[in-house]
Amino acid sequence: MSAGPTFHKMNGLGNEILVVDLRGRKEAMTPASARDIGQQPKLAFDQMMVLTDARKPGTEAYIQIFNIDGSEAEACGNGMRCVAWTVAGETGRKALKFETRAGVLDAAVAAIDRITVSMGKPRFGWQDIPLAEAFHDTKTIELQIGPIDKPILHSPSVVNVGNPHAVFWVEDVNAYDLARVGPMLEHHPIFPQRANISLAHVTSPSSITLRTWERGAGLTKACGSAACAAAVCAARKGLTQRLVTVTLPGGDLRIEWRADNEILMTGPVETEHDGALDLLTTA
C-alpha cells in the first residue's frame, strides 16, 4: 500500500496551518475528512491548505482551503504564505502563482523567512461582500450588537478580501469578549455567507492593532485576510496611509494597498513538523 499524502504542519504568526499535498494523487479532501484530521492533536489547524493539480497554465497548484469546522474558505493569507514557502523550497523559484476560489494569486520570497502574497483586489460593493441588503456606502454600515441606546459594537466597515469581513473600530481591542460576540456577528442575517469579525484600533497613520474572530475557525492568533481588510478599510476611511503594519496577537504583518488596487501582504512562516496522512477517500 502506498504512503499517504505528505503534510506540513506550519504556522503564520501562530495561525495554525496544515498544508496537504494531493498533487498527482487520486485522493480527495472532503469536509468530513478535514474535520476528522483536525481532531488529531498533532494535526489540529485553523486552516488546511490542500494543494491539488493545477487547473490554469502557469500556476503551481489549485488550492482548496478548509476551516477546522470543514467549511471551505475562499482565501487565507497566512495559509498562502505557508504554501508559497513550501513550494518555493521544493522548486527553488522565488516567484510563484497559485489558483484559489478567490482567483489567481502571486507569491514571492521576500526574505529568508518572509513571504509576500498578493491577496487580490478588495471588493466594496454590498452585493460583492455579500450583504443581505443594499448599502450605498460600505465604509460604514448600520449594524450593532447590544442595547440600542448603548451598543457594545456598532458601525463596522465591510469588504470582501477573497472572503467577507466586518471591521469594528474600537479604542481597545482587548476590551470586548470577542469569543462571545464574534459568533453572533459571524452568523448575523446581514451576512448570508457569514463573515470574519475584527476589532481594529488605529494607533497611528501607519499602524493598526487587530483581533479577529475567524469565520469557521473562531478566535485566532492571526488572520491574514482580516489584516488586509482592516488595512484597506482604514485607508478608505482616511484613518491611515496605504502602507501599514498590522499587529495581531501572533505578531506583525506588513500590508500595502497599492495604487493599482492590489493588496500585498508580507509576513513570516514557520514549519513545525512534517509527515504523511492516512489515505483519504479516492476521488
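Reader: In which sense do strand β13 and β14 pair, and over how many bridges?
Author: Happy to start there, keeping in mind that this is a predicted model. Strand β13 covers residues 164-169, and one facing pair is W169 opposite A200 in β14. The two strands pair in the parallel sense, over five bridges.

Reader: What is the handedness of the β-α-β crossover from β13 to β14?
Author: Between the two strands the chain passes through α3, the helix at residues 178-186. With the strands pointing away from the viewer, a clockwise path from the first strand over the helix to the second counts as right-handed. The crossover here is right-handed.

Reader: Which residue of β15 stands opposite A200?
Author: Strand β15 spans residues 207-214 and runs antiparallel to β14, with seven bridges joining them. A hairpin of two residues makes the connection between β14 and β15. A200, which faces W169 of β13, also has a partner in β15, and that partner is L210.

Reader: Is A234 buried or exposed, and what is its relative accessible area?
Author: A234 sits in helix α4, residues 224-236. Leaving aside residues up to four places away in sequence, A234 touches W169, V202, I208, L239 and T240. Buried means under 20% relative accessible area, so A234 counts as buried, at 0%.

Reader: How far apart are the C-alpha atoms of A234 and V244?
Author: Along the chain, A234 and V244 are 10 residues apart. A234 belongs to helix α4. The separation between the two C-alpha atoms is 9.7 Å.

Reader: Where does H188 lie, and how far is its C-alpha atom from that of V87?
Author: H188 is in the loop between α3 and β14. At 26% relative accessibility it counts as partly exposed. H188 and V87 are 101 residues apart along the chain, and their C-alpha atoms are separated by 38 Å.

Reader: Which residue forms a salt bridge with R194?
Author: Side chains of opposite charge can pair when their charged atoms come close. R194 is in the loop between α3 and β14, while its partner is in the loop between β5 (62-67) and β6 (72-73), 125 residues away. The partner is partly exposed, with a relative accessible area of 33%. With the closest N and O atoms 3.8 Å apart, the residue is D69.

Reader: What is the distance between the closest N and O atoms of K139 and D137?
Author: Both residues are partly exposed: K139 has a relative accessible area of 28%, and D137 has 31%. A salt bridge needs the nitrogen within 4 Å of the carboxyl oxygen. K139 and D137 form one, with a closest distance of 3.1 Å.

Reader: And what is that distance for the salt bridge of R258 with D260?
Author: R258 counts as partly exposed at 31% relative accessibility. D260 is partly exposed too, with 40%. In their salt bridge, the closest N and O atoms are 2.7 Å apart.

Reader: How many salt bridges does the count come to?
Author: Besides the pairs above, there is a network of salt bridges that links K9, E16 and E272. Counted with the nitrogen within 4 Å of a carboxyl oxygen, the total comes to 13.

Reader: Which peptide bond is cis, with omega near -10°?
Author: Most residues other than glycine have a negative phi, and most peptide bonds are trans. The cis bond leads into P130, a residue in the loop between β9 (114-118) and β10 (144-145). It is the bond from I129 to P130.

Reader: What are the phi values of L13 and N261?
Author: L13 lies in the loop between β1 (6-12) and β2 (15-21) and counts as buried at 10% relative accessibility. N261 is in the loop between β18 (251-257) and β19 (263-268), and at 25% it counts as partly exposed. Neither is a glycine, yet phi is positive in both: about 60° for L13 and near 80° for N261.

Reader: What radius of gyration does the protein chain have?
Author: The chain has four helices and 21 strands, and 54% of its 283 residues count as buried. The C-alpha atoms fill a box of roughly 65 × 35 × 30 Å along the principal axes. A compact globule of 283 residues would have a radius near 19 Å, which agrees with the chain's value of 18 Å.

Terms used:
Residues are numbered from 1 along each chain as its sequence is written. This is a predicted model: local features need pLDDT of at least 70, side-chain atom pairs count only at pLDDT 80 or more; totals for chains, interfaces and linings use all residues. Side-chain values use heavy atoms; hydrogens and water are left out. A salt bridge is a side-chain nitrogen of Lys or Arg within 4 Å of a carboxyl oxygen of Asp or Glu. Buried means under 20% relative accessible area, exposed over 50%, partly exposed in between (1.4 Å probe, protein chains only). Two strands pair if DSSP finds at least two bridges between them. The radius of gyration is taken over C-alpha atoms; the globule rule is 2.2 Å times the number of residues to the power 0.38. Contact means heavy atoms within 4.5 Å.
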